[in-house]
Amino acid sequence: MTRFETAFAKGPALVCFITAGDGDTAANLDALVEGGADVIELGMPFTDPMADGPAIQEANLRSLAKGTRTADIFRIAAAFRARHPHVPLVLMGYANPMTIRGPEWFAAECAKAGVDGVICVDIPPEEDAELGPALRGKGVSLIRLATPTTDAARLPAVLRGSSGFLYYVSVAGITGMQQAVQTSIEEAVAKLKAASAIPVAVGFGVRTPEQASAIARVADGVVVGSALVDLVKQHGDEAAGPLRELTSALAEAVHSAR
Amino acid sequence: MRMLPDETGHFGRFGGRYVAETLMPLILDLEAEYRKARQDPAFQAEFDDLLKHFVGRPSPLYHAPRMTEHFRALAPAGPNGEKRGPKIYFKREDLNHTGAHKINNCIGQILLAMRMGKTRIIAETGAGQHGVATATVAARFGLPCVIFMGAKDVERQKPNVFRMKLLGAEVVPVTSGAETLKDAMNEALRDWVANVHDTFYIIGTAAGPHPYPELVRDFQSVIGTETREQIMELEGRLPDMLVAAVGGGSNAIGMFHPFLDDPEVAMVGIEAAGHGIESGQHAASLTGGRPGILHGNKTYLLQDEDGQITEAHSISAGLDYPGLGPEHSWLHESGRVRYVPITDDEALEAFQLCCALEGIIPALESAHALAALPRLTAELDKDSILVVNVSGRGDKDIFTVADALGVEL
């Protein structure tokens with residue numbers, strides 16, 4: 001089984017996001033795992049994060065201001081893989097930093113660092129050639145996003161060539177803002193699960209254990225990002241403790257939901 | 001050369017649709033609606049009518065006699081002693097309603113928005129010219145309008161901010177990033193993704209995800225189409241050279257596109273070289289950048305080796321963007337159009353020369369195109385014809401120019 005399959009086989013999974021190079025990333029990643037995160041999403045900072053709300057935008061800029069380079073992100077990923085051999089690791093970011101040295105280079109670096117999957121916000125299925133074939137060639141999952149605007153006609157194109165899990169963006173909007181109504185999430189997840197052979201994780205606007213628990217009752221995974229990134233902003237290099245605490249509460253809520 | 005983009009929205013390897021999944025269905029809808037509109041004579045008729053009666057088209061093609069003589073006097077003789085210095089014409093987009101070419105595109109896009117039943121308009125703006133043009137058409141059609149503008153630009157361009165407000169628009173200062181045009185575009189995209197159900201995004205230049213580069217070009221092509229008819233009437237032949245400034249590149253592509261398949265017409269796009277390419281402080285994406293993906297399209301961008309976008313600099317706020325439209329990237333690589341960098345100082349000099357010799361205060365963007373004339377006129381014989389696109393008027397720039405010249409107003 002792949003690391004993703006193992007992680008999602010145990011029941012609803014908690015997927016935790018932080019931005020690479022923002023705060024003490026190695027300590028923060030360890031805190032997420034210790035707190036009970038089942039999948040880690042590591043954000044690749046970009047100067048122009050068009051799909052992100054203020055919390056993650058600022059995290060991107062804090063990281064870049066400290067001089068984070070792409071090579072640093074792969075060093076962080078490889079070190080994480082060495083410390084945590086079984087926890088799936090996903091890189092999430094934007095097309096330009098991922099493709100600037102060519103998709104083959106990026107896919108090879110991902111494979112070398114033990115990265116399991118990649119989420120690229122601004123490469124829709126229509127532009128798959130830009131990154132998808134290279135990742136699949138190296139056995140790295142391309143994790144696509146489905147959104148409230150993805151209709152039944154588009155869904156097969158979104159699912160084609162994606163693996164690991166499907167990330168359902170529960171609101172038409174940017175990260176860290178309002179949460180979708182629970183009933184609309186339930187309807188959407190039911191449709192996605194009927195069409196998809198891979199697990200469906202739900203994110204965007206999920207901040208509290210209560211919200212996470214409600215979603216975990218219907219979905220295979222819950223993604224939390226901005227609430228964690230806020231803690232890094234608040235506590236700087238001393239964020240590991242607070243991150244562990246929030247992750248524990250979220251993990252407890254997600255894992256006991258079913 | 002006029003057949004592109006292909007059906008996937010690419011100009012060679014450039015262009016495309018690099019957007020978040022949330023926007024993808026909307027962009028496909030827009031494309032379908034645009035295809036229908038192009039086939040609909042009523043759409044074209046309404047567009048033409050508004051351009052004539054609201055914008056004031058056709059804009060004149062004006063023979064600039066004193067600039068012509070000025071450069072003829074300066075041009076060194078050719079290798080066989082032939083006289084140099086072409087007859088210079090200005091395409092007067094500065095005479096349009098709202099003072100620049102921007103309005104052509106805004107008219108086209110708001111007609112599309114109305115067809116699609118959208119009830120809210122958003123746009124990004126740098127100097128405020130596209131913001132003013134968008135606020136103008138939104139007022140004309142009675143739609144609420146939100147303009148995203150970098151907080152720094154809001155501060156630098158107060159008269160245009162007030163104009164937009166007078167026209168009923170809400171101006172949102174963007175405080176993320178460097179607080180300029182690129183950040184305003186990010187913020188407009190964020191708003192759009194959260195309001196896809198009722199909102200139409202009027203992009204200000206021939207860039208962004210397909211079909212924007214195509215439809216903006218088509219709406220701006222009225223510039224080149226008119227120029228073609230006017231020069232045939234005045235001179236009975238096509239011009240030898242077209243010159244236009246390139247920021248995002250909509251005035252240039254609008255001028256060039258109707259001539260792309262006429263090999264005898266040379267074309268020169270002028271990029272903003274700011275303090276000079278070697279200074280690193282410029283906005284010349286083709287001369288000083290390389291291909292990458294930003295704001296929905298693949299094109300030449302100013303960026304570092306990790307693909308992080310770097311800040312552009314130009315004295316002209318309208319050229320102060322770290323990328324350009326994808327069709328220009330393609331025309332650059334195919335060699336059909338030559339792109340030349342012009343510095344802030346050269347543009348300032350041309351700005352003053354145009355005021356003094358022709359009685360026309362050009363926009364700083366257009367002054368970049370005029371600043372290439374010393375070089376370009378020396379390449380052309382006396383009996384040749386050169387057309388410069390004077391894309392906008394410079395009233396908006398007088399404070400910037402006064403500041404640069406050390407004049408206190």
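Colleague: What makes you say that α4(B) is largely enclosed by the rest of the structure?

Modeller: This is a predicted model, and within it 11 of the 14 residues of α4(B) are buried, so the helix is largely enclosed by the rest of the structure. A residue is called buried if 20 or more other C-beta atoms lie within 10 Å of its own, and among those in α4(B) that meet this cut-off are B:Lys102, B:Asn104, B:Cys106, B:Ile110 and B:Leu112.

Colleague: How do you know that the span of α4(B) is close to the one expected?

Modeller: From its first C-alpha to its last, α4(B) reaches 21 Å, and this is set against the 20 Å expected for its 14 residues at 1.5 Å a residue. Just after α4(B), B:Gly117 takes a positive phi of about 75°.

Colleague: Which domains does chain B have, and what makes them touching neighbours in terms of contacts?

Modeller: The domain assignment gives domain 1 of chain B as 10-55 + 102-217 and domain 2 of chain B as 61-99 + 220-404, with their C-alpha centres 24 Å apart. Contact requires C-beta atoms within 7 Å, and by that criterion 40 residues of domain 1 of chain B are in contact with 36 residues of domain 2 of chain B. Several elements of chain B, including α2 (41-55), α4 (102-115) and α5 (129-141), each supply at least two residues of the side of domain 1 that touches domain 2, while β2(B) gives the most to that side, with 5 residues. By class, that side of domain 1 of chain B divides into 20 nonpolar, 14 polar and 6 charged residues.

Colleague: How many residues does each chain bring to the contact between chain A and chain B?

Modeller: Chain B brings 28 residues and chain A brings 32 residues. On the side of chain B that touches chain A, β2 (14-18), α1 (24-39), α8 (181-194) and β11 (290-294) each supply at least two residues, and α8(B) gives the most, with 6 residues. That side of chain B has 13 nonpolar, 10 polar and 5 charged residues.

Colleague: What makes β11(B) and β12(B) a hairpin?

Modeller: β11(B) and β12 (residues 296-301) of chain B pair in the antiparallel sense over 5 bridges, where two bridges are enough for strands to count as paired. Between β11(B) and β12(B) there is 1 residue, and B:His295 in the turn has a positive phi of about 50°. Within this pairing, B:Ile293 stands opposite B:Lys298 in β12(B).

Colleague: Why are β5 and β6 of chain A called edge strands?

Modeller: The sheet in chain A is open, with 9 strands in the order β5-β4-β3-β2-β1-β9-β8-β7-β6 and parallel pairing. In it, β5 (141-142) and β6 (145-146) of chain A are edge strands: each pairs on one side only.

Colleague: What makes β7(A) and β8(A) a pair, and how do you know that both faces of β8(A) are covered?

Modeller: Strand β7 (residues 166-169) and strand β8 (residues 200-203) of chain A run parallel and are joined by 4 bridges, set against a requirement of at least two. A:Tyr168 stands opposite A:Val202 in β8(A), and the bridge partner of A:Val169 is A:Gly203. As for the faces of β8(A), A:Val200 and A:Val202 on one side and A:Ala201 and A:Gly203 on the other are all buried, and both faces are therefore covered by the cut-off of 20 or more C-beta atoms within 10 Å.

Key: Residues are numbered from 1 along each chain as its sequence is written. Chains are lettered from A and ligands numbered from 1 in the order in which they are written. This is a predicted model: local features need pLDDT of at least 70, side-chain atom pairs count only at pLDDT 80 or more; totals for chains, interfaces and linings use all residues. Two residues are in contact if their C-beta atoms, placed from the backbone, lie within 7 Å. Ala, Val, Leu, Ile, Met, Phe, Trp, Tyr, Cys and Pro count as nonpolar, Asp, Glu, Lys and Arg as charged, and the others, Gly among them, as polar. Domain bounds come from an automatic or database domain assignment. The expected span of a helix is 1.5 Å times one less than its number of residues. A residue is buried if 20 or more other C-beta atoms lie within 10 Å of its own, exposed if 12 or fewer, and partly exposed in between; C-beta atoms are placed from the backbone.
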